Structure formats: structure tokens, C-alpha cells
Amino acid sequence: MMRLLVLIACLFITITGCKKKSTAEPPEVVLLVFPDQNSECTTGVSLGQETSQVEFRWNLADNTETYELRVTNISTGTVQTIVSASSSAKLPLAKGEQFSWFIRSRNSDVEQTVSSEEWYFYNSGSRITFAPFPATIESPASSDNVFKDINNEVILSWSASDLDDDIVGYEVYFSVETPPIDLVRELSAPITSIKVSVTSDTVYYWKVVVIDEEGNKSDTGVYTFKVL
């Protein structure tokens, strides 16, 4: 009997020892829902002459316990954050101001976090004209590795939006320094791409400034890519 118990114990140890420990999965990226990208949010609940409460919504993501909403006032740089376990959250925002927002997914089982796309919008207010939204960089994507063409060139492309639909042009800055200091091209709308000369094994930095009819400007911030 003792021998049988010993054999059973050994078998149990062998089986359990062969089992792999489960690995926690990192959180996944959420899809933003509202306020819409490059839009005017008109659904805020007024809290007075200067602020209104805006509800943000997004889709739930797999392997995610909490969602950190980060909202930035573009003109002041003020950042508001709130953590939610659901797919929505509310924040008081200044009326008539432009904001950006994104969601950071978190899971307490892993240190890794992931961030969604960043969307821009205006909170409805007394404003009757609007500065353009920052251009959306399309190619090369941030931190991309790219190949030059046979003419030693790379295409830079972007898209842009303005609630007044009065974009008149773009300034493109491009250099091996950060922030990029060389204004390499001034373009009239609707041109949204240029070719630039590059060298292999070099990192480049670039940004696009959008300009509307009233002289309002918006800046993408610095993007980078490496030519292989």
C-alpha cells in the first residue's frame, strides 16, 4: 500500500511539474467612439458660462481592467485625467476650446500599458471661427523604418481638417535635428505630400503646420523615421 501511495505521489508531482504557468496577457488598445475625431462636440451639459461637462465613450478592450482617460486643452496644455472601469467617463471642459484625448489601457497583472489613437475636437461654446486641427501624419508613420527610392527620396504625406473648411496651406519642417528647424516647403492647399531627399542609415525629424484663412495655425508636433 505504501508503495502505491509513493507511486501516486510521484505521478502527481510529475504531472503538476510539467504544467506551464499561465502568462498574463497585456491589455489591448481601445477604439475611441466619442467625441468624434476633428469635430465640434455639441452634447456637453452646461455647468455655467465657461464650462460644460462632456461624456467620453470608447469600446471595451480585452485583458483590460481599467481605462485612463487623458484630455489635454491644446491652448493651455492643461491635462485632465480620470480612471474608469467602464467604457465611459465625464469631465468638465472649457467651452469653445480645442482638446485632444486618448485612452490608456491597464491590467494589474502586467506592467505594460497601451494607448489608443489621439483624437481632437472642439468643445462647443461661443466661438464662431475655429483654428485648424493638427494634421494627421500618414507616411512615414512615427518611428518607422523606410527605404528611399531610386532618386534617394522619401514621400512625406499627411491629411488635415478644419471645422471652417478654410485651410489655405501648410509649412513642412524637416531636418536631422529635433525639433526640425528647416522650413523645406510652403504649400498651398490641397497639396498634402512632398518628396524630400534623404541618406541611408539616417534618422530624420519632421512636422507639419496647418494654416487657415485667418492665419490660425496648428502644429503636429515632431515625428521621426529612419532611412535604412
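Across the whole structure, which is a predicted model, a search finds 12 aromatic pairs, and the tour begins with one of them. Select W158 and Y170: the ring centres lie 5.6 Å apart and the planes meet at 70°, so the pair is edge-to-face, given that an angle over 60 degrees is counted in that way. Colour the two strands next, since W158 belongs to β13 whereas Y170 belongs to β14 (residues 167-175), so that the contact ties together parts that are 12 residues apart in sequence. Now turn on the surface around each ring; W158, at 1% relative accessibility, counts as buried, and Y170, at 5%, counts as buried as well, because the limit for that class is under 20%.

Keep β13 selected and extend the view to its partners. Strand β13 (residues 153-159) runs antiparallel to strand β11 (residues 136-139), to which 3 bridges join it, and along this pairing T136 can be found opposite S159 of β13. Strand β16 (residues 193-197) is likewise antiparallel to β13, with 5 bridges between them, and here the residue to pick is E153, which stands opposite S197 in β16.

For the next stop, which residue lies over the face of Y173? Select K207 together with that tyrosine, and K207 will be found over the ring, at 5.2 Å from the centre of Y173.

Finally, move to another aromatic group by selecting F56, F99, W101, W119 and F121, which together form one aromatic cluster. When inspecting ring pairs in the viewer, it is useful to recall that such a pair is described by the distance of the centres and the angle of the planes.

Note on methods. Residues numbered from 1 in each chain as written. Predicted model: local features only at pLDDT ≥ 70, side-chain atom pairs only at ≥ 80, totals over all residues. Heavy atoms only, no water. Pairing = 2+ DSSP bridges. Helix = DSSP H or I, 4+ residues; strand = E, 2+ residues; numbered from the N terminus. Phe/Tyr/Trp six-rings, centres within 6.5 Å; stacked < 30°, edge-to-face > 60°. Buried < 20%, exposed > 50% of the residue type's maximum accessible area, 1.4 Å probe, protein only. Lys NZ or Arg CZ within 6 Å of the ring centre and 35° of its normal.
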